[in-house]
Amino acid sequence: MKTSSSASSASSASRQRSLKKTVRTGTVYLALALASWFVGAGIVEAYVRIQLGGKTLYHDDPNIVMQLDPNSFSGLDGEAVRSAVQLSMAQWNSVPRSALNFTLGVDVSGADYTGNNHVIYYDPNNNSGWFGGGSMTVAVTPIQYSTGNGKIQDIDVIFNGRRWDFSTGIVPGDFDIQDVLTHELGHVAGLDHSPVHGSSMWPYVAPGQWLHRSITEDDRSGAVAVARQGGFAQMRGTLRRANSNPVGGGAVGAIRADDGRLAAVVLTASNGDWVIKDLPSGDYHLYTTPLEGVTSQSQLTGDGIVETDFGAAFHGGISSPHQITLSQGENLNVGNLVVAADAAVRDNFNHPLILARGGPTKSIYIPGVNFNGGVGSMIEFSPYITLGPLTSDNTLFSAPVTVAPNCPPGSYDIYISLANGELECVPGAIEVVEAAPELSGISATEANALGGEWIEVYGSDFAEDAMVLVGGRLSNDVRWQNANTLRVLTPKGDSGEADVVVQHPDGQEDRLEDVLRYITVPVYEELFPRAGNLGGGTRMRLVGSGFSGGMIVQVGGKSASYRLLSTRVIEITTPPGDMLGTVSVRIENSEGHVEEQSDVFEYVASEDPDIASFTPRTGKRSGGTEVNLFGDNLASGARVRFGVDPITVQGGRYAGGVQRISAAELRSRTPGGSTGEFAVVVEMPNGQGAIANSFFSYQPAAGGGGCGGVAQGGAPGEPVDWLPIVLVAVWGWRISRRQSSETKSGCAR
Ligand SMILES: [Zn+2]
């Protein structure tokens with residue numbers, strides 16, 4: 001029968017009739033109308049945890065801090081990489097019943113996986129040693145774990161920049177950092193590869209792919225399994241052969257009876273037991289399938305038993321599968337599932353067909369072997385998905401697929417039922433997504449590089465939870481107006497042209513290149529000193545923002561030389577003045593933006609003070625150290641400030657009891673301060689001042705408890721091992737696997 005999207009009253013009797021007809025003729029494509037009600041998007045899952053030597057790898061704390069080495073990503077904007085990392089982490093952090101919480105710690109440089117910190121970096125030269133020879137590995141997650149109990153001790157993510165090109169965005173031919181990292185973070189959490197095609201933990205990745213940016217129900221359940229939080233319902237049972245022997249490492253899939261969505265695929269333990277955690281209440285169909293073909297045991301990191309000498313089967317048979325009802329919070333044991341006899345059929349399907357709901361029809365091509373000369377049928381259980389006429393032979397089944405506009409987004413299976421009785425299951429063969437966002441324009445042409453301005457972004461099909469990146473940086477306030485308009489608070493940026501990207505939570509994006517020009521406007525905040533000798537030559541620090549090279553700086557209308565210390569600080573040397581009194585400071589950048597402050601600097605007659613040296617140069621953090629300062633033109637009433645920021649010359653505290661010994665010497669007693677090296681400045685009552693050329697260091701309190709000697713990490717002598725998990729590239733139909741056994745072997749450090 002053809003699918004009806006409103007088939008809410010379809011009975012199981014009509015379903016069975018349809019099925020039998022289909023199976024008998026072998027040419028009609030069927031979408032079973034099982035829906036009796038519509039349940040909103042729920043959390044369902046399938047996942048495989050990493051198990052080695054009978055131990056399940058785990059973190060003792062679900063709060064996982066990763067540190068980025070942004071400068072290692074040569075050729076990419078470090079801030080755009082950071083945004084990609086944040087979006088990847090947000091996917092895993094958003095699972096309701098999982099305590100998993102990734103955060104980004106302080107940046108590192110020269111990252112190395114052998115350290116104790118968890119780092120994310122790019123390796124263009126194989127310095128890490130993980131990408132030798134012609135390695136097809138796209139990224140690797142080396143895990144150091146205790147072989148005694150499975151506890152993860154160190155875990156890192158390394159991108160193979162030697163072999164592949166990466167982008168922060170969807171670029172043909174490049175791997176997307178966010179897509180790859182979302183997958184790798186699943187490993188970091190303790191998940192192994194999943195046999196579900198559309199899941200982030202699927203073991204292959206293609207250039208230009210975005211699908212793994214978003215995690216599926218499958219991955220979410222994994223996130224709950226590694227770090228549960230609160231209660232949930234689960235379903236369990238035992239997988240057996242007809243002779244009642246258990247099947248270890250068999251895949252058990254659950255699909256929702258109402259809409260046909262894939263809920264979970266899990267692997268059975270060696271005794272045949274399986275459990276699917278965190279299932280929403282509702283009705284399910286169950287099936288089993290051997291883990292062979294494209295996702296087989298060789299794609300798993302774990303070393304558990306995986307039996308494949310059996311055939312796929314539906315619980316109750318595919319023509320009238322049993323309907324299992326799971327109640328809220330229930331721990332349901334469904335008893336024995338029985339596998340079929342081993343079958344010759346095997347598919348080599350390696351990339352899900354992605355279809356927008358309500359979008360154009362596309363054909364699915366499932367290649368394989370032993371397809372019974374093409375005699376059989378292709379079956380899809382969703383009432384929202386319609387299969388068109390079948391084309392089939394012994395190595396290929398193909399049919400057009402149409403998705404109704406109200407089809408719930410998610411993963412959907414395809415089953416090939418052959419006339420010889422064999423069944424082939426393709427978990428997650430179809431991935432139904434919302435329409436992709438499309439951009440048409442924005443309301444502005446320029447924005448301040450400091451950010452904080454509202455712009456409007458125009459287009460179509462904007463999701464209510466759409467995210468916006470400007471110049472690679474995430475906006476932290478996006479307000480959905482309607483499907484065609486977003487109001488966006490601009491993030492900070494770098495001067496120049498910036499792309500605007502709208503990204504949906506499922507990973508789809510659209511981009512307008514170079515559509516917004518970030519401009520830097522110089523802004524004045526503070527000046528030190530505020531007075532100087534009429535003859536010029538006074539060095540002063542001007543603190544503000546938006547400073548750059550190529551600016552014209554004027555003091556009292558005359559050109560002044562300056563040195564750029566940062567985008568926030570310049571050091572100006574004053575020109576000679578025309579007369580005593582206050583004058584303006586004017587800054588004009590190369591784009592013609594001007595900042596002018598009147599009467600902020602005063603030309604005076606007295607010579608500028610100077611501090612040539614002081615002694616001692618260190619003192620206690622608690623203060624009270626007597627310091628003698630030597631220089632010139634030190635006026636009475638001079639003040640001394642310690643603990644000063646050496647660049648901005650702001651901050652710090654005034655010394656108490658300054659004694660003027662002479663115009664060339666001051667005596668002072670240090671105030672308290674924080675440990676570290678700081679500048680020292682003197683300030684005259686008339687606003688003149690000077691910065692000492694050397695620093696004053698505050699030392700930790702005497703006898704203090706520096707804690708640098710505390711050993712970190714596991715107990716001495718604890719056995720540990722290194723385990724690399726690799727993500728490999730897939731190009732079209734050709735799957736490139738690593739040639740060696742590196743995917744499996746632990747590598748002792
Ligand atoms: Zn992987």
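**Entry 1: ground rules**

I call a residue buried if 20 or more other C-beta atoms lie within 10 Å of its own, exposed if 12 or fewer, and partly exposed in between, with C-beta atoms placed from the backbone. The model is predicted, so I remind myself that local features need pLDDT of at least 70 and side-chain atom pairs count only at pLDDT 80 or more, while totals for chains, interfaces and linings use all residues. Residues are numbered from 1 along each chain as its sequence is written. Helices (H or I, at least four residues) and strands (E, at least two) are DSSP runs, numbered from the N terminus.

**Entry 2: strand β32 and its partners**

I started with β32 (residues 454-460), where the side chains alternate. Ile 455, Val 457 and Gly 459 point to one face and are buried. Trp 454, Glu 456, Tyr 458 and Ser 460 point to the other face and are not buried.

Next I looked for pairing, which needs at least two bridges found by DSSP between two strands. Which strands pair with β32? Strand β30 (residues 438-442) runs antiparallel to β32, joined by four bridges, and Gly 441 has Tyr 458 as its bridge partner. Strand β36 (residues 485-489) is also antiparallel to β32, over five bridges; here Val 457 is matched with Leu 486.

Just past the strand I found Asp 461, in the loop between β32 and β33 (467-470). Its phi is positive, about 60°, although Asp 461 is not a glycine. A note for my margin: most residues other than glycine have a negative phi, and most peptide bonds are trans. Asp 461 counts as partly exposed, because it has 17 C-beta neighbours inside 10 Å.

**Entry 3: a sheet of five strands**

I traced an open sheet in the order β31-β38-β37-β33-β34, with mixed pairing. β31 (446-448) and β34 (473-474) stand at the edges with a single partner strand each, so one side of each has no neighbour in the sheet. β31 pairs with β38 (residues 509-519) in the parallel sense over three bridges, and Glu 446 has Arg 517 as its bridge partner there.

Is Leu 512, in strand β38, buried or partly exposed? Leu 512 has 18 other C-beta atoms within 10 Å, so I wrote down partly exposed. Taking contact to mean C-beta atoms, placed from the backbone, within 7 Å, I found that Leu 512 touches Leu 439, Ile 442, Asp 499 and Val 500, leaving out residues up to four places away in sequence. I also noted 8.8 Å between the C-alpha atoms of Leu 512 and Ala 498, which are 14 residues apart along the chain.

**Entry 4: a sheet of eight strands**

This open sheet has the order β39-β41-β44-β43-β42-β45-β46-β40 and mixed pairing. β39 (523-528) and β40 (531-533) are the edge strands, each with a single partner, so one side of each is left without a neighbour in the sheet. Inside the order, β43 (residues 558-564) and β44 (residues 569-573) pair in the antiparallel sense over four bridges, and Leu 564 has Ile 570 as its bridge partner.

Which peptide bond is cis in the loop between β39 and β40? The bond from Phe 528 to Pro 529 is cis, with omega near -10°, and Pro 529 lies in that loop. I found another cis bond from Thr 615 to Pro 616, with omega near -5°. Pro 616 lies in the loop between β47 (610-615) and β48 (618-620).

**Entry 5: a second positive phi**

Val 649 is not a glycine, yet its phi is near 50°. Val 649 sits in the loop between β50 (639-644) and β51 (653-654). With 23 other C-beta atoms within 10 Å, Val 649 is buried.

**Entry 6: cores and a covered helix**

A nonpolar core is a set of buried Ala, Val, Leu, Ile, Met, Phe, Trp, Tyr and Cys residues joined through C-beta atoms within 7 Å. In the largest one, of 119 residues, Trp 92, Val 401, Ile 414 and Ile 430 touch the most other members. Another core, of 40 residues, lies apart from it and includes Ala 531, Met 551, Val 585 and Leu 629.

Trp 92 touches Leu 100, Phe 102, Leu 185, Ala 189, Ile 215 and Ala 223, not counting residues up to four places away in sequence. Ala 223 is one of the buried residues of helix α4. How many of the ten residues of α4 (residues 217-226) are buried? I counted ten of ten. Among the elements covering them are α2 (78-93), α3 (177-189) and β28 (410-418).

Terms used:
Two residues are in contact if their C-beta atoms, placed from the backbone, lie within 7 Å.
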